[in-house]
Each structure stands twice: as C-alpha cells, then as structure tokens.
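Me: I'm new to reading protein models, and I'd like to know where the labels come from. Can we go through a few of them together?

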Amino acid sequence: MNESGIWRAPDLSLRWWPVFLRNLLVWRKLAVPSLVGNIAEPLMWLVAFGYGMGALVGQVQLGGARVPYILFLASGSICMSAMNAASFEALYSAFSRMHVQKTWDGIMNAPVNLDNVVLAEMLWAAFKAMSSVTAILGVMLALGISYSPKLLVAWPVLLGVGITFSCIALIFNALAKGYDFFTYYFTLFLTPMMFLSGVFFPRDQLPAALRLFSDWLPLTNAVELVRPMFMDQWPATPWRHAVVLVAYTVAAFWLALALTRRRFRA
C-alpha cells in the first residue's frame, strides 16, 4: 500500500458488527469490575469536590444565574467520565487486542477488513463510555443532583462525546509502540483539557487568550452542550458545539484509520 493509499475513503460495511459483538461477549465476563473501575474515580471526584469543596464554595456564577457547585461539577464531570472511559478503552484495551494479543490479525483472517475492525473498536469504546455514563447518571439521580427531563437528551449527547474521544484515542493507539506511550496522551492532552474546559470551575476565570483557546477544545464543547440540560435548560448555541464535536470526530477517525493502515501495510 503506497502512502496515498492510506488516505483513501473508509471501506466500511456491516462486518464491523461481529467484531463489536466479540468484544461484548468477552467483556460480559468482567462487566461488573469493569463498570466499578470506570465509575469509581468520577464518583470520588464528585463526592470529594462536590460535597467537600462545594460546602466551601456554595454556588458559582454561571451566565446570569448562580448554580450549586455540586450541580456545576456533576454536569462537567460526567463529560469527563465519557472522555476517560472512551480513551482508556480505545488505548489500552484496543492496543492489547491490536499489538499484544494479535486479535486483530486473527479477525482479519476472516472476511473482515481493517477499516471495519477500527470502526468496531471506535464504537465499542463509545459503548463502554456510555455504560459508565449511564451508571454515573443513575447515581446522580439517586443523590438528587438533577431530575431534569432534558437528561434524556443529554444521554445520547454523551454517547457522541464517547465517539469523539474514542476516535482521537485511536490516533495514539496507531502510533504507540508500547503502553508507556499513552502517558504522553493523558499528561499532555487529557489532563490539561480537564482543567481548561470548565469541568471544575467556570472558564470565565481563565485569561482571555486561554479562554479563547479552550473554546475549541472538544471537552469544552461537550460540557457546554450537557451542562445546561442538567439545569433544565437548552444550550445557547447547540449547533456550534455539535459542529465542533463532529469535526473532531470525522477528522480524528480519518487520521486514526490512515495511521492504522500504515501500521498494518505490508
């Protein structure tokens, strides 16, 4: 395959489904500990900061209204949870199947091409993120943080967030030579984004240049879509945030697919 060939249009079909189903059947054996692991960290953030720091902060100014800090944090941390769950699955688990266990090579001995394997991994990572988000939403409802009916709309939006970050993570999966490589992704990309995207404090506190930069981060646009729904409101500019996320998703999936093709080319 020449260099230009790796950038060709995706060759996709419904053959991604058996790959997705295979991952689901394997995951069922470890579903409970997997879910516990994915929801434990965001719940610790929520309890420690939401109730601990929330007792000191009380309310935060958001637009023209004051919002309880626990609600502010919950609406941001659930986006962060979708990001982290999708990223972990599309990095560590996908890399294990691709490079360590050679599962992808075995799958491609069947009539399933690499493009469909990558698509299945992307959708599987998004499904894992959605599973974690659903569990966290259930806990938030039990705690009475929000009972907004608009959370029914936020749920599929969070699925889209999982898809976006699984596509981005698959870029680094294609580049990785070992698990240590993923430290760069978390340290240099995900962690700074968590603090710049309005998860823990309003972005109004940021310097103007940094705030302008954060406007275009995928997590920022996810939070701007989801947070108003927790407060039983609709986002002020939903299409703008949706377009940014879709642009990240399409560009990242295309790049991840090209880099993965290059990795597997003869």
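Me: How many positive and negative side chains does the protein have, and how far apart are the centres of the two sets?

Reply: There are 19 positive and 12 negative side chains, with the two centres 3 Å apart. Lys and Arg count as positive, Asp and Glu as negative, while His and the chain ends are not counted. Each charge is placed at NZ of Lys, CZ of Arg, CG of Asp or CD of Glu. Before we go on: this is a predicted model, where local features need pLDDT of at least 70 and side-chain atom pairs count only at pLDDT 80 or more, while totals for chains, interfaces and linings use all residues. Residues are numbered from 1 along each chain as its sequence is written, and side-chain values use heavy atoms, leaving out hydrogens and water.

Me: Why does K150 count as buried?

Reply: Buried means under 20% relative accessible area, exposed means over 50%, and partly exposed is in between (1.4 Å probe, protein chains only). K150 has 16%, so it counts as buried. Across the protein, 49% of the 266 residues get that label.

Me: And why is D232 called partly exposed?

Reply: D232 has a relative accessible area of 41%, so it falls in the in-between class. K102 is partly exposed too, because its value is 44%.

Me: What makes the link between K150 and D232 a polar contact?

Reply: A polar contact is a pair of N or O atoms within 3.5 Å; within protein, one must be able to donate a hydrogen and the other to accept it, and residues adjacent in sequence count only if both atoms are side-chain atoms. The side chains of K150 and D232 make theirs at 3.1 Å, so the distance fits. Leaving aside neighbours within four places in sequence, K150 is in contact (heavy atoms within 4.5 Å) with M229, D232, Q233 and W234.

Me: Where do K150 and D232 sit?

Reply: Both are in loops: K150 between α5 (114-143) and α6 (151-175), D232 between α9 (218-230) and α10 (238-264). Those helices (H or I, at least four residues) are DSSP runs numbered from the N terminus, as are strands (E, at least two). D232 also has a positive phi, near 60 degrees, though it is a residue other than glycine.

Me: How do you know that the radius of gyration agrees with a compact globule?

Reply: The radius is taken over C-alpha atoms, and the globule rule is 2.2 Å times the number of residues to the power 0.38. For 266 residues that gives a value near 18 Å, and the protein has 19 Å, so the two agree.
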